[in-house]
There are 2 protein chains.
Amino acid sequence: MRQAGRYLPEYREIRSKVSFLELTKTPELCAEVTLQPIDRLDVDAAILFSDILVVFDAMGVDVHFNPAPEIERPVRTAADVARLRWGDPREDVRYVLDAVQACKRALAERVPLIGFCGAPFTTLSYLVEGKGSRDYQHIKGMMFSEPALFHRLMESMTELLCTYLGGQVEAGVDALQVFDSWAGALSPADYREHVWPHMRRLVEHVRTLGVPLIAFVRGNANLLQQSAELGADVIGVDWTIDFAQAIEIVGSDRVVQGNLDPQILLGPEELIERRARAVLDAAKGARAHIFNLGHGISRYTDPAKARLLVDVVHGYGA
Amino acid sequence: MRQAGRYLPEYREIRSKVSFLELTKTPELCAEVTLQPIDRLDVDAAILFSDILVVFDAMGVDVHFNPAPEIERPVRTAADVARLRWGDPREDVRYVLDAVQACKRALAERVPLIGFCGAPFTTLSYLVEGKGSRDYQHIKGMMFSEPALFHRLMESMTELLCTYLGGQVEAGVDALQVFDSWAGALSPADYREHVWPHMRRLVEHVRTLGVPLIAFVRGNANLLQQSAELGADVIGVDWTIDFAQAIEIVGSDRVVQGNLDPQILLGPEELIERRARAVLDAAKGARAHIFNLGHGISRYTDPAKARLLVDVVHGYGA
């Protein structure tokens, strides 16, 4: 998950001078911000500071952050779709690939760098809804009433994202994560029919790129089994399911990532320690475990508590 | 779920003259709107037209609908809490009880009337967050960092809601539904520790009122088992889980309600029929089944499609 953010004074310092969008488009600043949590928290991997929606720059779609993302002209009709451009992210989102290189230089192999993109469904959902949604009426409306249009869009989006991820690997990322943050809005039957085949295509492409892939399908633990069947190297798990149960579902032979509720960091040290240990205890049932928060870190988090969490994880079993 | 709404021209007609809040506070109009879906869709029960947040009128908290609900001064500190009033909803929200009576008169026993309230956690979440939330940082922050304050608030809220539901039964509702719409934000462990005991207390109170209770815990099917353990008469299920699996979890001896994704109604007739039948087929595994949508109906729904759905359900097995 994004590790940098407004909970860090050194991040706020930079954001006092540049907007979020400017920051994502300035490789040297991206690198600086990407490394802030490495220095302060001692985490074991860096995650590229960027946003899943910058890829819209390859599609001629304007997105604003106020601070939530918003698209001026959501794509809802066949005519809207016809106006879309399907460019090459390696050119149109070059600044992200430059940021990857800047991060790698700045990291100097201290820790690996994780690149990422939104999953086809989540990215397309933003494009169609235009902003955050509670009920996903537009994207689901398209899925149910115009399935052919929906699938054509999903195919094109998947191709674009495959190219984008390929560019990130060429630029130097050591691992990739794909975020299907909005998949939880779907029933298991709809995820299977409308989303899974496209995700599978993306996962198969990433397998040719030579870096490990973390697949994170958020918001509905009933999609975990399908998530496991995608064949990614690591299965991300959010906090809405007991971790031991999640491992039982995906199989003890798989590598899992998860799953502390990020808001636990708003609680006292004793709670953070107890809950972190519970996740680590449960993870003994898995082949291997990447400890992380089940989603992004809250802006109200005390950085000292985040550091405490990292120390608890590092000290576990020692 | 709310059956009346902007998808019905006769509802929009009334709303062109009065605001949402005025509507909820005008018993005769509430009754008219409550009966609209009965007339047009031939559904088997009426659900009181109201909102879970009107109960704030018993607490001295102002809520606006623009159209999403917003609270001017969210309750976040001990000082905010001290300013709260814990009134008697039977007096302060008298207009809802008058609406119940108006509905009962207008229905003249055609179909039963379902009353409702928000669950303690969901209601309190609105109070603390102040509006819709994606990450529930404030309510969870309170839960984790000030558990004693949180539990005191949950206790008071539960008492208030028990009184409110008692008032609705006295006024004539034939059944009750409790909506824990925001519970899905919690991990199973946190729901168990921080929410379940209060819900249980509410369910036990309703058992003394002599009407059946539907408990609906939305947004995380991993809470279904805990939902079943509440002891309510009917267990509501949203669409994020396969219905047969849900029935397996809650037990085949229980009555279930659910679970069609409301956005399916945006699709073609063939899809609606197929998906409705799939739910009905799965429901054969339960003791009894109330067919419904897994959440509120979309404003973009064609009323003819909603009617088709009712006809499919009524014709099933005939």
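**Exercise 1.** Determine how many residues of helix H7 (residues 120-129) of chain B are buried.

*Solution.* Step 1: the model is predicted, so local features need pLDDT of at least 70, side-chain atom pairs count only at pLDDT 80 or more, and totals for chains, interfaces and linings use all residues. Residues are numbered from 1 along each chain as its sequence is written, while chains are lettered from A and ligands numbered from 1 in the order in which they are written.

Step 2: helices (H or I, at least four residues) and strands (E, at least two) are DSSP runs, numbered from the N terminus. A residue is buried if 20 or more other C-beta atoms, placed from the backbone, lie within 10 Å of its own.

Step 3: ten of the ten residues of H7(B) are buried, including B:Phe121 and B:Tyr126. Their cover includes strand S4 (113-118) and helix H9 (147-171) of chain B; contact requires C-beta atoms, placed from the backbone, within 7 Å.

Step 4: just after H7(B), B:Gly130 has a positive phi of about 90°.

**Exercise 2.** State which strands stand at the edges of the open sheet in chain B.

*Solution.* Step 1: two strands pair if DSSP finds at least two bridges between them. The seven strands follow the order S1-S4-S5-S6-S7-S8-S9 (chain B), with parallel pairing.

Step 2: strand S1 (46-47) and strand S9 (288-293) of chain B are at the edges; each has a single partner strand, so one side of each lacks a neighbour in the sheet.

Step 3: within the sheet, S4(B) and S5(B) pair in the parallel sense over five bridges. B:Ile114 has B:Ala175 in S5(B) as its bridge partner.

Technical notes:
Buried ≥ 20, exposed ≤ 12 C-beta atoms within 10 Å, placed from the backbone. Contact = placed C-beta atoms within 7 Å.
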